[in-house]
Amino acid sequence: MAQIEFKNVTKEYEDFIALKEVTIFIEKGEFVFIVGPSGAGKSTLIKMLIRDEQPTSGEVVFEDKNVLDIPREDLCNLRRRIGVVFQDFKLLDSKTVFENVAVATEVVDCPKEEIDAVVPNVLNMVGLLDKRDKYPVQLSGGEKQRLSIARALAHEPDVLIADEPTGMIDPVASDEVMIVLERINEMGTTVVMATHDEVVVNKMKKRVIRMKNGSIVSDKKKGKYDEQSDE
Ligand code: ADP
C-alpha cells in the first residue's frame with residue numbers, strides 16, 4: 001500500500017487547469033523530487049496533500065484515507081503528520097531559534113517537559129543546537145532553512161514536504177540542507193521536495209517526477225533533473 005496516492009487528480013482554477021489527471025503513488029520512506037518549470041503545478045500538488053486546496057476531480061489519499069473525507073476538526077492532525085517547509089522559511093523574527101521550534105509544539109498542547117526534550121533533539125538533528133538562543137536575523141540563509149526544517153520536525157511527522165527549500169540559499173547552504181533532508185529520510189520519514197534546483201536533484205540520485213503544464217511527463221527512480229534545459 002502506498003502512503004500517498006494522487007489518483008487522477010485534476011485541479012481547475014476558474015478557467016485555468018493547473019493539474020490534469022495526475023496519478024502518483026509514493027511509498028512510506030521514499031525520497032521524491034517533483035521537478036518542472038515554474039507554473040507546472042508542483043505547489044498545487046503539495047497544497048492538495050495538506051488540503052489547502054481541493055481537487056476538482058480525482059482523489060488524494062494519505063495512509064488509506066481520502067484527504068477530502070477527513071473531518072475539519074481532524075485536519076490539524078493531518079497537518080501534524082505532514083510537516084511542510086517553504087522557500088521563504090516563515091520564521092518568527094521576534095523569537096529565538098529555540099522558541100521558533102517550541103511554538104510549533106505549543107500549538108499542539110505539548111507539556112513543557114516534552115517541549116524541553118523535543119526541541120533540543122530536533123535542533124541537534126539540523127545542526128543548530130549551539131544557536132538555540134540566537135534570533136533568525138542572526139542566522140545565515142542556510143541556517144534559517146534548517147531552522148524551518150527543525151520546526152516542521154517538531155511534531156515528528158511521517159512525511160516532510162519541502163517546497164523549493166533551496167530556492168533562496170547559496171550552493172554550500174543548499175548542500176547542508178540536503179544532508180539534513182537525507183538524514184531525516186534515512187530515519188524513516190518520507191520526503192517530498194518540489195524544486196527546480198537542477199544541481200541538487202542531479203547530486204542526490206533519487207526518484208524524480210517531472211511535471212509540465214499540470215501533467216506528469218516522466219517518473220524515474222534514481223532520476224536526473226533533465227537533459228534539456230527548463231527554459
Ligand atoms: P509551481 O509550483 O510548479 O510553480 P503552481 O502549482 O504554483 O506551480 O501553479 C500552477 C498553475 O496554477 C500556475 O499557472 C498558477 O498561476 C496557477 N494557480 C495557482 N494557484 C492559483 C489560484 N489560486 N488561482 C488561479 N490560478 C492559480
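This is a short walk through the structure shown above, from its overall form down to single residues. Keep in mind that the model is predicted.

Let's start with the whole chain. The protein chain contains 7 helices and 10 strands. How does its radius of gyration agree with that of a compact globule? For 231 residues, a compact globule would have a radius of gyration near 17 Å, and the protein chain has 17 Å, so the two agree. If you follow the C-alpha trace along its principal axes, it spans about 45 × 40 × 35 Å.

Now think about inside and outside. Of the 231 residues in the protein chain, 51% are buried. The surface that the chain exposes comes to about 11,500 Å², and carbon and sulfur atoms supply 47% of it. What about charge? The chain carries 32 positive and 42 negative side chains, and the centres of these two sets lie 2 Å apart. Contacts also tell us how the chain folds back on itself: taking contacts between residues at least 6 apart in sequence, 68% join residues at least 24 apart.

Next, let's look at the strands. Strands of a sheet pair through backbone hydrogen bonds, and they can do so in a parallel or an antiparallel way. You can find both kinds here.

The antiparallel kind appears in an open sheet of 4 strands, arranged in the order S2-S1-S4-S5. Which strands are at the edges of this sheet? They are strand S2 (16–26) and strand S5 (65–66), each of which pairs on one side only. Strand S1, covering residues 4–13, pairs with S2 in the antiparallel sense over 7 bridges. If you would like to find this pairing on screen, look for Tyr13, which stands opposite Phe16 in S2.

Another antiparallel pair comes later in the chain. Strand S9 (residues 207–212) and strand S10 (residues 215–220) are joined in this sense over 5 bridges. Within the pair, Ile209 stands opposite Asp219 in S10. The two strands make a hairpin with 2 residues between them, and Asn213 in this hairpin takes a positive phi near 45°.

Stay with S10 for a moment, as Ser215 is found there. Ser215 has a relative accessible area of 22%, so it is partly exposed. Leaving aside neighbours within four places in sequence, Ser215 is in contact with Lys20 and Arg210. Ser215 and Val9 are 206 residues apart along the chain, yet their C-alpha atoms are separated by 9.9 Å.

For the parallel kind, turn to strand S7, which covers residues 159–163. Why is S7 described as largely enclosed by the rest of the structure? The reason is that 5 of its 5 residues are buried. Both of its faces are covered, with Val159, Ile161 and Asp163 on one side and Leu160 and Ala162 on the other. S7 has parallel partners too. Strand S6 (residues 82–86) runs parallel to S7 and is joined to it by 5 bridges, with Phe86 standing opposite Asp163. Strand S8 (residues 190–195) also pairs with S7 in the parallel sense, over 5 bridges. In that pairing, Leu160 has Val191 in S8 as its bridge partner.

Finally, let's visit some helices. Helix H3 (residues 97–106) is mostly covered, with 7 of its 10 residues buried. Among these buried residues are Val97, Phe98 and Val101. What do the buried residues of H3 pack against? They pack against helix H4 (112–125) and H5.

H5 itself covers residues 141–153 and includes Glu143. Is Glu143 buried or exposed? Its relative accessibility is 13%, so Glu143 counts as buried. Apart from neighbours within four places in sequence, Glu143 is in contact with Leu128, Lys131 and Gln138.

Our last stop is Leu78, in helix H2 (residues 75–81). With a relative accessible area of 4%, Leu78 is buried. Not counting residues up to four places away in sequence, Leu78 touches Leu49, Ile50, Phe62, Val67 and Ile70. Of these contacts, Val67 is 11 residues from Leu78 along the chain, and the C-alpha atoms of the two are separated by 8.5 Å.

Definitions and conventions:
Residues numbered from 1 in each chain as written. Predicted model: local features only at pLDDT ≥ 70, side-chain atom pairs only at ≥ 80, totals over all residues. Heavy atoms only, no water. Rg over C-alpha atoms; globule rule 2.2 N^0.38 Å. Buried < 20%, exposed > 50% of the residue type's maximum accessible area, 1.4 Å probe, protein only. Contact = heavy atoms within 4.5 Å. Areas by Shrake-Rupley, 256 points an atom, 1.4 Å probe, with all protein chains shown as cover. Lys, Arg positive; Asp, Glu negative; His and termini not counted. Charge placed at Lys NZ, Arg CZ, Asp CG, Glu CD. Pairing = 2+ DSSP bridges.
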